[in-house]
Amino acid sequence: MRVIATTLLVYLAAVAAVFGLQLVAVTALVTRRAGTFDFARDGLAALLVGVPASSLGLIAVAWLAAGRPRRERLRLLPARVPAGGILAMIAGILALSQALESLALLVGVGPGANLDWIARTLATATPLTLALAVLVVGGLAPVGEELFFRGFMLTRLRRVWRAGPAIVVTALAFGLIHGEWVHGLLATGIGLYLGLVTARSGSVIPAVICHVANNTASVLLSVAIGSPQGRGVNAVLLVVTALIFAASLQWLPPPEPAAAG
C-alpha cells in the first residue's frame, strides 16, 4: 500500500510540474511579446516553449523520485529483443496510432481539440520551426513521458502488482495527463502498448524508440498531409493498420518473470 500511495504522490507532483512549467514558459513568452502576442499566430512558439518545459519537468521528477540505482529503477537496461523486434515494435505503434485516429474519425469524435490545434499549429511551421518541433515534440517529449510513465511509474507498480494491472493503471495515468478527453483516450491506448513493450522487453528503451518514431511521424504527417479524410479511406486504414498491429504483436518477446518485492 505504501508503494501505491507514494507512486500516486509522485504522479501528482509530475502533473503539477507538467502544467506548472508549461504555464510559466508560455506566460514568459506572452510577457516578452506584451502587446503583440496573438495565440493564433504565435501558437507554434507557445508549443515550442511549453513542450520542453513540461518534458524536462517529467524527467526531473522521474530522476529524483526513482532513487538509486536509477538504471534499474527507471529500466534503463538493455532490451531483451533483437533489432528486428524493435522494427516490428515501431511498425506496431505507427499502425496502432493510425488505427486509433481512424477509429476516432469514424465514430465522429475526431482527433480531439488538442491534437487538432497541434496539427493546425504545425501547419504554419517554417523549415526551422519544423526542425525544432521534431526535436521537442518528436524527441524530447517522448523521452520525458517514457522515463516517467514506463520507466518510473510502471517499474514501481510492478513491485506490488502483476504486469497487467500495472500497465493499465500507468496507461490511464498517462492518458489523464494529456488533459482533453479524446486526446487522453488515444494516449491511453498508446500507453497500453508502450507498457506491454516495456514489460516484455525488460527495458524502457524500446518504448522510448517507439514513442519517438510515432511522435516524429505525427509531426511530419501533420505538416505534409494532415489527417486522412473520408469514411471510406479511414475504414480501409483502420482494417489495414489493425492487421499490421496484430502481426507486430507476434514479434514481442515472452512475458518477463514476476518482479521481486
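# A guided tour of the helices and the largest pocket

Welcome! Before selecting anything, colour the chain by confidence: this is a predicted model, with a mean pLDDT of 91 over the chain and 97% of its residues at 70 or more. Next, select residues 163-176, which form helix α7; confidence is highest here, at a mean of 97. Then move to α5, residues 113-122, where confidence is lowest, at a mean of 86. A word of care for any model of this kind: where pLDDT is low, the predicted coordinates should not be read in detail.

**Stop one: the largest pocket**

Stay with α5 for a moment, as it is one of the helices that help to line the largest pocket. That pocket has a volume of about 1600 Å³. To find its middle, select Leu115, Ile118, Val137, His183 and Ser218, which are the closest to the centre among the 50 residues of the lining.

Which helices each supply at least two residues of this lining? Select them one after another: α1 (2-32), α2 (39-66), α4 (83-106), α5 (113-122), α6 (127-157), α8 (181-201) and α9 (205-224). Now try colouring the lining by residue type. You will find 30 nonpolar residues, 16 polar ones and four charged ones.

**Stop two: α4 and its partners**

Keep α4 (83-106) selected and add α8 (181-201), since both appear in the lining of the pocket. Their axes come within 10 Å and cross at roughly 160°. Angles over 145 degrees count as roughly antiparallel, so α4 is roughly antiparallel to α8. The crossing of these two helices, α4 and α8, is right-handed.

Now hide α8 and show helix α10, residues 231-249. Here the axes of α4 and α10 lie 8 Å apart, and the two helices pack at an angle of about 150°. That makes α4 roughly antiparallel to α10 as well. Is the crossing of α4 and α10 left-handed or right-handed? Turn the view and have a look: it is left-handed.

**Stop three: α6 and α9**

Select residues 127-157 for α6 and 205-224 for α9, two more contributors to the pocket lining. Their axes are 8 Å apart, with a packing angle of about 150°. This pair, α6 and α9, is therefore roughly antiparallel, and α6 passes α9 in a right-handed crossing.

**Last stop: two details in the loops**

Go to the loop between α2 and α3 (70-73) and select Pro69. The peptide bond leading from Arg68 into Pro69 is cis, with omega near -5°.

Finally, step along to Arg75, in the loop between α3 and α4. What is notable about phi of Arg75? Its value is near 55°, which is positive in a residue other than glycine.

Methods. Residues numbered from 1 in each chain as written. Predicted model: local features only at pLDDT ≥ 70, side-chain atom pairs only at ≥ 80, totals over all residues. Heavy atoms only, no water. 1 Å grid on protein atoms, 1.4 Å probe; cavity = no way out; pocket = protein on both sides within 12 Å on 5 of 7 lines; lining within 4 Å. Points joined across faces, edges and corners; volume = space filled by probe spheres on them. Helix = DSSP H or I, 4+ residues; strand = E, 2+ residues; numbered from the N terminus. Nonpolar A, V, L, I, M, F, W, Y, C, P; charged D, E, K, R; others polar. pLDDT = per-residue confidence, 0-100. Axes fitted to C-alpha atoms, helices over the stretch in contact; angles between N-to-C directions. Parallel < 35°, antiparallel > 145°, perpendicular 65-115°, else oblique. Left-handed = near helix turned anticlockwise from the far one by under 90°.
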